[in-house]
Amino acid sequence: MNEKMYGTARLTARLEPWMEELLSNSRLCRQLIDTHGSPVNIHEYSAMGRNAQELRAAAAEHQIDLQIYYARKANKTMGAIDQAVREGCGVDVASLNELRQCLDRGVPPERIILSAAVKSKALLRAAISAGVTVSLDNSDELHSALEVNEASGQALNVALRLSIDHRSIPPTRFGLSASHWLDLLSDVTPNAGVKVAGLHFHLNGYDAHARSLGIHQALGVIEELRSMGHAPDFVDMGGGIPMSYVDSADQWEDFWYQLVRLPDGDESLTWKSDRLGAKGLAPSSAVYPYHQELVRGVWLNELLGYVPETESVSIGAALRAADIQLRCEPGRSLMDGCGLTLAEVAFTKQRSDGVPLVGLHMNRTQCRSTSADFLLDPLLVHAAGPGAERTFGSAFLVGAYCIEEELLLRRRFEFPAGVAAGDLIAFPNTAGYLMHIVESASHQLPLAANVLWNGKTWESDDIDRIRL
Ligand SMILES: *Cc1c(COP(=O)(O)O)cnc(C)c1O
């Protein structure tokens with residue numbers, strides 16, 4: 001399947017059966033592009049249940065009560081919310097529109113957590129009046145929430161966002177330290193009615209051990225809160241649960257090995273011999289680790305089995321003993337296998353110095369996250385008409401924004417069977433962040449349409465009907 005297009009240094013994507021089936025049907029691919037425009041984001045959410053089940057099985061092994069909240073900022077479709085609810089998950093929302101759309105869709109308020117980094121009064125009002133737990137970030141936010149809640153005469157249910165204090169964990173802009181929160185709470189008058197429902201944190205990176213330390217600290221704060229008369233019953237460890245896009249560890253290592261040895265100016269692997277932030281042989285920290293050994297269930301199992309230095313029991317056992325529910329908010333790893341992005345080739349040509357280029361009806365914000373590149377080989381679907389004259393060789397993919405550096409991906413790709421205008425290129429496994437997190441409508445080019453498999457046919461996702 002991947003033999004029509006691959007990176008000069010290959011990074012072969014792991015594909016779901018639905019992706020293989022779709023991409024082997026060039027007429028259907030053509031029809032989706034003709035109906036919805038290029039690019040089109042295509043979703044089939046059945047992998048979400050399997051992803052959630054891996055986490056639940058690990059929790060069950062440790063006899064832990066686990067609740068999964070899908071981090072909605074990873075993918076904006078309404079279909080993803082529906083699937084998360086069908087799979088027994090809640091939703092973690094990051095803005096007023098994300099919250100409203102979930103409530104309008106019928107997500108039960110007790111299955112929503114509000115973790116927005118900055119919260120307006122309108123957002124706090126909407127969450128509090130619906131009964132959604134608010135994760136508080138700082139003291140200004142606590143006071144805004146109290147003000148909003150004042151008229152209600154009811155208790156204010158909150159989670160406290162904890163900044164984890166440990167020499168191995170880098171400083172964070174999010175949350176406050178345990179001692180800071182405890183001081184703040186002792187300062188608010190008891191009749192203000194703050195009820196701490198749980199503790200929340202979210203760490204950068206994907207390290208299981210760091211999450212163990214976070215849970216350990218949160219359990220310490222929970223003991224103190226209980227002695228102050230609060231009744232917290234959960235620790236939410238946020239997202240960052242790892243996934244693996246590329247099955248082959250060898251390919252992943254080899255890619256970095258080749259990249260670091262490339263002479264400056266040699267464009268055989270990347271545009272302008274871009275090292276993508278790599279300094280030595282190790283994979284660059286400026287990109288997601290596309291190959292990982294410990295993912296989801298195995299990762300969670302390791303995390304729960306960890307025994308902190310000062311303790312004699314594992315994190316799993318400590319959660320059980322304290323009768324605390326563990327919550328998590330996976331975005332990327334829950335959406336693993338749920339989407340791909342399909343785009344049409346607009347032209348083939350050469351850069352002024354002869355370097356081959358393939359132009360797509362797509363811009364670089366439509367398959368991109370905050371990291372330096374999306375490191376998976378796309379797949380080529382020969383969908384151009386019968387008379388198409390294909391260009392052979394290797395090329396870079398350029399996009400629709402009028403910028404010299406408008407590369408869709410920074411790597412160079414081989415086209416052993418040729419490529420022509422009218423062919424289609426699929427970017428695999430893009431549902432987690434890659435489609436939506438930085439997409440823009442610059443140049444007045446419309447945002448990509450979103451399509452989902454409803455069990456019978458491909459249909460438009462409702463998010464494209466909503467105007468913000
Ligand atoms: C972004 C975010 C998540 C999701 O992170 P992933 O890496 O996609 O799992 C979860 N919780 C919070 C608070 C976040 O900001």
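The following is a short exchange about helix H7 and the cysteines of a predicted model.

Trainee: What kind of model is this, and how are residues numbered?
Mentor: It is a predicted model, in which local features need pLDDT of at least 70, side-chain atom pairs count only at pLDDT 80 or more, and totals for chains, interfaces and linings use all residues. Residues are numbered from 1 along each chain as its sequence is written, and side-chain values use heavy atoms, with hydrogens and water left out.

Trainee: Which residues of helix H7 are buried?
Mentor: In H7, residues 139-149, they are Glu-141, Leu-142, Ala-145, Leu-146, Val-148 and Asn-149. Buried means under 20% relative accessible area, exposed over 50%, and partly exposed in between, with a 1.4 Å probe and protein chains only. Helices are DSSP runs of H or I with at least four residues, strands are E runs of at least two, and both are numbered from the N terminus.

Trainee: Why are those residues on the same side of H7?
Mentor: They cover an arc of only 165° around the axis, taken from the directions from the helix axis to the C-beta atoms. An α-helix has 3.6 residues a turn, so residues three or four places apart point the same way.

Trainee: And which residues are exposed on the other side?
Mentor: Asp-140 and Glu-147.

Trainee: A change of topic: how many disulfides does the structure hold?
Mentor: Zero, a disulfide being a pair of cysteine sulfur atoms within 2.5 Å. For Cys-328, the nearest cysteine sulfur, that of Cys-89, is 8.2 Å away.

Trainee: Why is Cys-338 without a bond?
Mentor: Its sulfur is 11 Å from the closest cysteine sulfur, in Cys-89, which is too far.
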